[in-house]
Amino acid sequence: MRSLPKGLADKVALHLVAAGKLMDTDPEQALVHARYARHRASRIGAAREANGLCAYQMGEWTEALSELRAARRMGGGPGHIAIMADCERALGRAERALELSRSAEAAELTGGEAVELRIVAAGARRDLGEVEASVVSLQIPELDPKVQEPWSARLFYAYADNLLAAGRVQEAFTWFVHAAHADDDGETDAPERLDELVVLLGGDAEAEELVAEATAAGPAALDDADDVELTTESEAEAEVTVEEPVDAGDSAAEPTTAQDTPATAEPDAAAVEQAPASKPAAVDGAQSADRAVKASDPRGDESQ
């Protein structure tokens with residue numbers, strides 16, 4: 001902000017802070033603040049980045065892609081490639097999403113950002129009809145139910161969803177169990193997907209057996225995890241834990257687009273100072289997020 005006059009720099013900074021605080025709780029208003037900051041400081045990378053991330057949250061794919069590209073030109077580095085690839089995919093350009101995933105900048109990514117990009121690339125392959133390739137592309141070292149990281153639930157969920165698309169129902173069920181165990185924050189709808197698959201598996205007994213096997217294959221930390229609940233036709237509940245075996249007798253086995261707000265219209269000053277605090281958005285953990293596996297499918301057919 002040092003290139004801006006002090007008064008303007010302070011004002012832009014306030015709007016950027018408001019955008020960050022509101023991104024998770026009121027993304028539409030966050031985008032209003034971010035657009036205002038971008039209008040008043042279009043040559044500041046942070047303003048363009050904030051505008052891009054808020055636009056992404058609201059499903060404004062073209063705007064998000066344009067702003068994040070501008071932010072990268074100004075600041076350099078591989079930041080937000082996964083989100084940019086996800087925008088390309090949402091715009092129906094799966095080939096471009098794959099090109100981004102193979103770029104030199106993508107090779108610099110590590111940890112959660114690298115995993116997120118893998119998820120997006122797998123979704124792009126699936127869009128192109130390469131379902132088996134999408135499954136294979138997610139078979140990476142991080143796909144390990146014994147090791148759970150902040151991104152594990154999303155990775156396990158994406159892998160399960162692609163397995164299901166490939167017709168591998170039992171394997172998909174197992175990985176939805178892993179996703180449910182890893183999803184402490186409720187990012188995904190893995191428990192609901194498990195309920196849906198019970199019928200495809202042929203009944204509760206088969207489902208319970210797979211749940212027990214998957215639970216036993218997880219980390220020791222799962223001893224304290226919530227049990228996976230399966231809703232059956234008889235409305236019975238199957239409770240499965242690492243310590244206690246299942247009692248077979250007790251159970252039977254495209255985004256809303258926000259209306260554009262004029263960039264020149266300044267948001268309510270009171271909202272800038274009184275915006276409720278919440279964690280800023282990032283690709284990691286989704287993100288993306290409220291966003292249950294959003295990187296896996298930005299249009300919501302696989303995740304929300």
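This report describes the helices of a predicted model and a few residues within and between them.

## Overall make-up

The protein has 13 helices and zero strands. Along the sequence, the elements follow the pattern α-α-α-α-α-α-α-α-α-α-α-α-α. The protein has 304 residues, of which 49% count as buried.

## Helix α4 and its crossing with α5

Helix α4 covers residues 61-75. Its 15 residues reach 21 Å from the first C-alpha to the last, close to the 21 Å expected at 1.5 Å a residue. The buried residues of α4 are Trp61, Ala64, Leu65, Glu67, Leu68, Ala70, Ala71 and Arg72. These buried residues pack against α2 (27-40), α3 (45-57) and α5. Just after the end of α4 comes Gly76, which has a positive phi of about 70°.

The axis of α4 comes within 9 Å of the axis of α5 (residues 81-90), and the two cross at roughly 150°. The crossing is left-handed. On the α4 side, the contact is made by Trp61, Ala64, Leu65, Leu68, Arg69 and Arg72. The α5 side contributes Ile81, Ile83, Met84, Cys87, Glu88 and Ala90.

## Helix α7

Helix α7 takes in residues 111-127. At 1.5 Å a residue, its 17 residues should span 24 Å, and the end C-alpha atoms are 25 Å apart, which agrees. Gly129 follows α7 and has a positive phi, near 85°.

The buried residues of α7 are Gly112, Val115, Glu116, Leu117, Ile119, Val120, Ala121, Ala122, Gly123 and Ala124. They pack against α5, α6 (94-101), α8 (131-137) and α9. Two of these residues, Gly112 and Glu116, return in the account of α9 below.

## Ser152 and Arg154 in helix α9

Ser152 is found in helix α9, which runs over residues 152-165. Ser152 has a relative accessible area of 1%, so this serine is buried. Its side chain reaches the backbone nitrogen of Glu149 at 2.6 Å. Leaving aside neighbours within four places in sequence, Ser152 is in contact with Val147 and Ala182. Ala182 belongs to α10, which covers 169-182. The C-alpha atom of Ser152 is 8.9 Å from that of Gly112, although the two residues are 40 apart along the chain.

Arg154 is also placed in α9. Arg154 counts as buried because its relative accessibility is 0%, the cut-off for buried being under 20%. The side chain of Arg154 makes a polar contact with the side chain of Glu116, at 2.7 Å. Glu116 is itself one of the buried residues of α7. The C-alpha atoms of Arg154 and Thr188 are separated by 7.2 Å, with their positions 34 residues apart along the chain counted as a sequence separation.

## Arg168 in the loop after α9

Arg168 lies in the loop between α9 and α10. This arginine has 25% relative accessibility and therefore counts as partly exposed, a class that lies between the 20% limit for buried and the 50% limit for exposed.

Not counting residues up to four places away in sequence, Arg168 touches Glu132, Val135 and Leu163. With Glu132 there is also a polar contact between the two side chains, at 3.4 Å. Glu132 and Val135 fall within α8 (131-137), and Leu163 falls within α9 (residues 152-165).

## Helix α12

Helix α12 consists of residues 204-217. It has 14 residues and reaches 20 Å from its first C-alpha to its last, close to the 20 Å expected at 1.5 Å a residue.

Which residues of α12 are buried? They are Asp204, Ala207, Glu208, Leu210, Val211, Ala214 and Thr215. Seen down the axis of α12, these residues fall within an arc of 165°, so they line one face of the helix. An α-helix has 3.6 residues a turn, so residues three or four places apart point the same way. On the other side of α12, Ala205 and Ala216 are exposed. The buried residues of α12 pack against α10 (169-182) and α11 (190-201).

Notes
Residues are numbered from 1 along each chain as its sequence is written. This is a predicted model: local features need pLDDT of at least 70, side-chain atom pairs count only at pLDDT 80 or more; totals for chains, interfaces and linings use all residues. Side-chain values use heavy atoms; hydrogens and water are left out. Helices (H or I, at least four residues) and strands (E, at least two) are DSSP runs, numbered from the N terminus. Buried means under 20% relative accessible area, exposed over 50%, partly exposed in between (1.4 Å probe, protein chains only). Contact means heavy atoms within 4.5 Å. A polar contact is a pair of N or O atoms within 3.5 Å; within protein, one must be able to donate a hydrogen and the other to accept it, and residues adjacent in sequence count only if both atoms are side-chain atoms. The expected span of a helix is 1.5 Å times one less than its number of residues. The arc is that of the directions from the helix axis to the C-beta atoms. Axes are lines fitted to C-alpha atoms, for helices over the stretch in contact, and angles run from 0 to 180 degrees between N-to-C directions. A crossing is left-handed if the near helix is turned anticlockwise from the far one by less than a right angle, and right-handed if clockwise.
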